[in-house]
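User: Could you take a close look at one part of this model for me, the buried strands of chain A, and then walk outwards from there to whatever else is worth seeing? Informal is fine.

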Amino acid sequence: MTDNAKETLFLDRLLDRFDAAKSAHEKVAGLQSEAAREITGKELPTTRHEEWKYCSLKSLNKESFVPAASIPSPNLPKDAIGYIYPEAEHHHLTFINGVFSEALSKTDRLPDGVIVANLADVLRDGNEIAIENLGELAKWEDDPFVPLNTAVFRDGAFIYVPKGVKIADPIQLLFINTEEAEQYVMAPRCLVVGDQFSEMTVVEDHIGMGSNVYFNCPVSEIKLAENSHMTHVKLQRDSRQAYHISRLAADISRDSDYKSYAVQLGSQLSRSDVKAVLTDENTHATLDGLVMVNGEQLSDTHSVMDHTMPNCTSHQLHKCIIDGNGTSVFNGKIFVRQDAQKTDAFQENRNLQLSNSGTAYAKPQLEIFADDVSCSHGATIGQLNPEEVFYLKTRGLQDAQTREILTYGFALDVIESIPVASIQKRLSKEVEKFTRESKSIKELA
Amino acid sequence: MLTIKNLHAEVEGNEILKGIDLEIKAGEVHAIMGPNGSGKSTLAKIVAGHPSYEVTKGEIIYEGEDLAEMEPDERARRGIFMAFQYPVEIPGVSNSMLMREAYNEIRKEKGLDPLDPLEFEDYIVDKLNLVEMDAKFLDRNVNAGFSGGEKKRNEILQMAVLNPKLALLDETDSGLDIDALRIVSGGINKLAGKDNAIMLVTHYQRILNYITPDFVHVLVNGRIQKSGGKELALELEEHGYEWVTANTEVNGEAK
């Protein structure tokens, strides 16, 4: 490969734009250098790669981005504070284009010992728990996006809940991505550590303010010690022209419980790779998802549920609603390792097609090496049930209302599982918006 | 109110209705009886506008208008209502919300202002009493977790709320125990009046002990083989549907 060709590689171009300075902490700096080396000279995966078969990065490859932090004064909306859920009024961190905003963050009323802070500050101050765990969960194997985030990240969230502490109200991590003339890239990093017998709910909310092109590449790492409980809600409402490529890795210890609800609504291309490792006995993991795509949107979820020890349970209900020329991809792997006897794993991917031109790819995969387990998996692709449509229409409801009601009904069990009332409300509005928007897109076509 | 002329209809290439003629006037109750598979439910669904059935010949005129090109929701807004044999469960929508939306659609059609939730709550009280339903059913999702009898009562509740001109009741009596049958029939009787009409599709004579039809039509193999007054139902009860089939064969008519 000539130097000339190398210069044109997307990842090299991107790395080059960022300030080469690494973290002040030696271990973190080492990790960052290692990550940068990992992707230097590497090409983005193509659709020839099995894991990227239906998710082409061709258009991303052609884009150029400046680091979001270099935009001097972002077009911050006046009502930014309005994106804070009332339940999270007293503990939220806000990031504008990935940059921590102290003015829009609040962390009063946290129990003693709880840390909810900007990751950059925590690492600078040498917090041992953060330094010890950072990079230990999100591994990169042959994926370029974890090392990309690792090499360039600055700000992000660090949450630590000490032993026996229970936080009833959700902690919100609000990522506001503004409308700018320049195309920008950000790589926010989140690290959540729950100590023994801790309990928390974390809401990660990515919102695009405009319809501009930007590249959001977040990585989240979750580590739960014995007997801890965490609910993790992620809402991706990035701009319809944005790229959102995210990674989530969770390690769940003995007697612990991790529940993740990921909702993907925005972006022209959203790709989410999620990995939950049940590292010890009697743990539970939920990885539920709700995806809505229309227009030319593509949303791809790749998940790994890794059962390594006996007597664990997992639940994965992944629902996709596809309209217009939208595409949804689901590739869910469940591993049941040899020691993981008495595993009870449930996985279901349901796709609702609202148009004739949308596409759904479903690939549930089960690899079982133990012999005494109960595992179920399945995938369905279907339209609105014509009998239900007829029923509502005989009550005088018009097509648009009927579609809206039945689409909401399809999404409902995922929405209802999310234990934050104002998010449930928000999502019912999003479903309404989606079905109306889809209609107007159709009328334009 | 409703005139059906030489109606032929098919589903997936199978002809179900083979020439139906029927005239229903305001104030009348018509019972459509017949054995399983005779096409009686199909007739109700076609009048309501079910998209799976294709009308291949004939016409349905409602209030002077041909229904052929009319969507089911438009028919509903013009006063046609169908109580389903198997009411559908709709998750995520409360019973009261569905009924309010539906009722407001009809009000809109009549140029009236929509009712807000509180006004609707007042409006529905009497209707609940009519079918002896507890107000708690209003907050539950439409038919979700309802027993068979509750679902049927809920259909009649919706009928009471929407106050249709033409009600198509598709085997509303099937699967009901005696008490539920009495309540449902009582509700229907109170809703019947000189300005509206009811087409009651039923397999059994039993419901006709409670609701007195003005006409009884016996549908066999896609045709009305016999029409008469309420006494026809009793004859059928006594002799069975074979009696009608046998008679028609004697008359040399094709089945």
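Analyst: What follows starts at one buried strand and then moves out to the helices, the core and the second chain.

Keep in mind that this is a predicted model. Let's begin with strand β11 of chain A, residues 219–224. This strand is mostly covered, with 6 of its 6 residues buried. In a regular strand the side chains alternate between the two faces of the sheet. Here A:V219, A:E221 and A:K223 point one way, while A:S220, A:I222 and A:L224 point the other way, and all are buried. So which residues end up covered on the two sides? On one there are A:V219, A:E221 and A:K223, and on the other A:S220, A:I222 and A:L224.

Now for the strands it pairs with. Strands of a sheet pair through backbone hydrogen bonds, either parallel or antiparallel. Strand β8 of chain A (residues 189–194) runs parallel to β11(A) and is joined to it by 6 bridges. One pair to click on is A:V193, whose bridge partner in β11(A) is A:K223. β11(A) is also joined to strand β13 of chain A (residues 243–252), again in parallel and by 6 bridges. There, A:L224 stands opposite A:I252.

Further along chain A comes another covered strand, β16, residues 284–293. Because 9 of its 10 residues are buried, β16(A) is largely enclosed by the rest of the structure. Strand β14 of chain A (residues 257–264) pairs with β16(A) in the parallel sense over 8 bridges, and A:Y261 in that pairing has A:D288 as its bridge partner. β16(A) also runs parallel to strand β18 of chain A (residues 313–322), with 8 bridges joining them. In that case A:V293 is partnered with A:I322.

On to the helices of chain A. Two packed helices are described by the angle between their axes and the distance between the axes. Take helix α3 (residues 26–39) and helix α7 (residues 145–152) of chain A: their axes come within 8 Å and cross at roughly 135 degrees. α3(A) and α7(A) are therefore oblique to each other, and the crossing is left-handed. The contact is made by A:L31, A:Q32, A:A35, A:A36, A:E38 and A:I39 of α3(A), which meet A:P147, A:L148, A:T150 and A:A151 of α7(A).

A:L123 is another spot to zoom in on, and it belongs to helix α5 of chain A, residues 119–124. Why does A:L123 count as buried? There are 24 other C-beta atoms within 10 Å of A:L123, and the cut-off for buried is 20 or more. Leaving aside neighbours within four places in sequence, A:L123 is in contact with A:S23, A:H25, A:V28, A:A130 and A:I131. For scale, the C-alpha atoms of A:L123 and A:K42 are 81 residues apart along the chain and separated by 28 Å.

Helix α8 of chain A (residues 386–394) takes us towards chain B. Its buried residues are A:V389, A:F390, A:Y391, A:L392, A:K393 and A:T394. They pack against α9 of chain A together with α1 (40–48), α2 and β6 of chain B. After α8(A) comes A:G396, whose phi is positive, near 90 degrees.

Then there's the largest nonpolar core, which has 192 residues, and A:A276 and B:L168 have the most contacts inside it. Helix α9 of chain A (residues 399–417) gives the most to this core, with 8 residues. As for B:L168, it touches B:A44, B:V47, B:A48, B:F81, B:M82 and B:M199, not counting residues up to four places away in sequence.

Chain B has an open sheet of 6 strands in the order β6-β9-β10-β3-β11-β12, with mixed pairing. The edge strands are β6 (80–83) and β12 (223–228) of chain B, each pairing on one side only. From one strand to the next, the twist averages 20 degrees. Inside the sheet, strand β3 (residues 29–33) and strand β10 (residues 197–202) of chain B pair in the parallel sense over 5 bridges, with B:I32 partnered by B:V201. Helix α6 of chain B (residues 148–162) lies across β6 and β9 (166–170) of chain B, running at about 165 degrees to β6(B).

Last, the interface itself: 21 residues of chain B are in contact with 16 residues of chain A. On the chain B side, the elements giving two or more residues are α2 (72–77), β7 (90–94) and α3 (95–109). The largest share, 5 residues, comes from α3(B).

Methods
Residues numbered from 1 in each chain as written. Chains lettered and ligands numbered in written order. Predicted model: local features only at pLDDT ≥ 70, side-chain atom pairs only at ≥ 80, totals over all residues. Buried ≥ 20, exposed ≤ 12 C-beta atoms within 10 Å, placed from the backbone. Helix = DSSP H or I, 4+ residues; strand = E, 2+ residues; numbered from the N terminus. Pairing = 2+ DSSP bridges. Core = buried A, V, L, I, M, F, W, Y, C linked by C-beta atoms within 7 Å. Contact = placed C-beta atoms within 7 Å. Axes fitted to C-alpha atoms, helices over the stretch in contact; angles between N-to-C directions. Parallel < 35°, antiparallel > 145°, perpendicular 65-115°, else oblique. Left-handed = near helix turned anticlockwise from the far one by under 90°.
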